Amino acid sequence: MESRTVGTLEVSALGLGCMGMSETYGPADDAESVRVVHRALDLGVNFLDTADVYGGGHNEELVGRAIRDRRDEVVLATKFGIREIVGGGVVRVDGSPEYVRAAIDRSLTRLGVDVIDLYYLHRRDPDVPIEDTVGAMAELVEAGKVRHLGLSEVNADTLRRAHATHPIAAVQSEFSLFNRGLAEYVLPTAVELGVGVVPYSPVGRGFLTGNLDALRDLGEGDFRRGLPQFQGENLERNIALAQRVQGLATTLGVTPVQVALAWLLAQGEHVAPIPGTKRLRYLEENAAAVDVRLSADQLAEIDSSVPGGAVSGERYTPEGLAAVNR
């Protein structure tokens, strides 16, 4: 597994998003999830991503158990700032300095570690100046509880202001062949400031996995049922776009997932996606994407097959969109 640098932090080019091991995409199995984490580390995928809100703390506890005997192999990232996930991207947030100080200690306890490598503000609190939140996060670095700071789903102005308060190593946002807004609005600022970019949902929340029939019959516990891109005519139009990617993947002799991840990796050396999975077979498929090298002509063909803005529907509900790009 090749490595990349986000800020000044060296990570595997592909990470592992752990959220689905606890919630969001239907039932999971803890024992299988632990095996996935161990196999990831065996493959050199050392960049593990969790958050205090995933599963109400369950995900941090699960990741903590999985890495207990392998902590020195892991670049550990977690997030704080969301008190509650309501649905459709709607969240209740808290970015107060008091909450920062309380949240870190709870995360350290659940993870069973003394220090977190990358600590993200999960969503910006519009009622708290970003300088105040990041200032409190900087105190955690001084206290030795955190090594690097990150932000999730912020706009370019917020990133710039935060970085002026304390160096920001990474900005995490949804970014994929299907959802490219980050490239236009935040990526140039991140490059200018030397901030790494960590795309979550890098395979379009399942559109780019190749398993398209499943998207028409999502289970009751699957949060995608509430997202505009997965509803009605939007869903059918987006499946048609995804079928174009399937055709390209067949031509290249790889899977749609590997096309999607290879396309993201080709967006710059500062980009380190974190595809999530709770299944060993998908982990290994993801990891193999680092060996897929797309030529300039192939990248152009992918871009023309799924042009920016071609996806139907927003990625969140209007209320959910209000919580991102602040």
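Which residue in strand 2 is the bridge partner of serine 3? In this predicted model, the partner is serine 12. The pairing belongs to a hairpin made by strand 1 and strand 2, with 2 residues between them. The two strands run antiparallel, and 4 bridges join strand 1 (residues 3–6) to strand 2 (residues 9–12). Within the turn, glycine 7 has a positive phi of about 65 degrees. The side chains of strand 1 alternate along its length: Arg4 and Val6 point to one face and are buried, whereas Ser3 and Thr5 point to the other and are not. Serine 3, the residue bridged to serine 12, thus sits on the face of strand 1 that is not buried.

Beyond the hairpin lies an open sheet. Its 7 strands follow the order 3-4-5-8-9-10-11, with parallel pairing. Strand 3 (16–17) and strand 11 (196–200) stand at the edges with a single partner strand each, so one side of each has no neighbour in the sheet. Elsewhere in the order, strand 9 (residues 146–152) and strand 10 (residues 170–174) pair in the parallel sense over 3 bridges. Here leucine 151 stands opposite valine 171 of strand 10.

Leucine 151 also appears in the description of the nonpolar interior. The largest nonpolar core holds 101 residues, and Leu16, Phe47 and Leu151 are those with the most contacts inside it. Helix 9 (residues 256–265) provides the largest share of this core, 8 residues. A second core, separate from the first, has 6 residues, including Ala51, Tyr54, Ile82 and Ala323. Leaving aside residues up to four places away in sequence, phenylalanine 47 touches Val11, Ser12, Gly15, Leu16, Val75, Ala77, Leu118, Tyr120, Val198, Ala272 and Ile274. Among these contacts is Ser12, the bridge partner of serine 3 in the hairpin. Another is Leu16, itself one of the residues with the most contacts inside the largest core.

Where is space left inside the model? The count comes to 1 cavity of 30 Å³ or more, and the largest cavity contains about 40 Å³ of space. Leu14, Gly15, Leu16, Val45, Pro275, Thr277, Leu283, Asn286 and Ala287 form its lining. By class, this lining has 6 nonpolar and 3 polar residues, with no charged residues. Helix 10 (residues 280–287) gives the largest share of the lining, 3 residues. In helix 10, Leu283, Glu285, Asn286 and Ala287 are buried, and what covers the buried residues of this helix includes strand 3, helix 1 (30–42) and helix 9. Helix 9 was met above as the source of the largest share of the largest core.

An open site completes the picture. The second largest pocket has a volume of about 410 Å³. Its lining consists of 20 residues, of which Asn179, Arg180, Gly181, Glu314 and Arg315 are the closest to its centre. Helix 6 (181–185) and strand 10 each supply at least two residues of the lining, with the largest share, 4 residues, coming from helix 6. The lining of this pocket has 7 nonpolar, 7 polar and 6 charged residues by class, while that of the largest cavity has no charged residues. Strand 10 therefore has two roles in this account, as it pairs with strand 9 in the sheet and supplies residues to the pocket lining.

Key: Residues are numbered from 1 along each chain as its sequence is written. This is a predicted model: local features need pLDDT of at least 70, side-chain atom pairs count only at pLDDT 80 or more; totals for chains, interfaces and linings use all residues. Side-chain values use heavy atoms; hydrogens and water are left out. A nonpolar core is a set of buried Ala, Val, Leu, Ile, Met, Phe, Trp, Tyr and Cys residues joined through side-chain atoms within 4.5 Å. Buried means under 20% relative accessible area, exposed over 50%, partly exposed in between (1.4 Å probe, protein chains only). Contact means heavy atoms within 4.5 Å. Two strands pair if DSSP finds at least two bridges between them. On a 1 Å grid over the protein atoms alone, a cavity is a set of points where a 1.4 Å probe fits but cannot get out, and a pocket is an open set with protein on both sides within 12 Å along at least five of seven lines; lining residues have an atom within 4 Å of a point. Grid points are joined across faces, edges and corners, and a volume is the space filled by probe spheres set on the points. Ala, Val, Leu, Ile, Met, Phe, Trp, Tyr, Cys and Pro count as nonpolar, Asp, Glu, Lys and Arg as charged, and the others, Gly among them, as polar.
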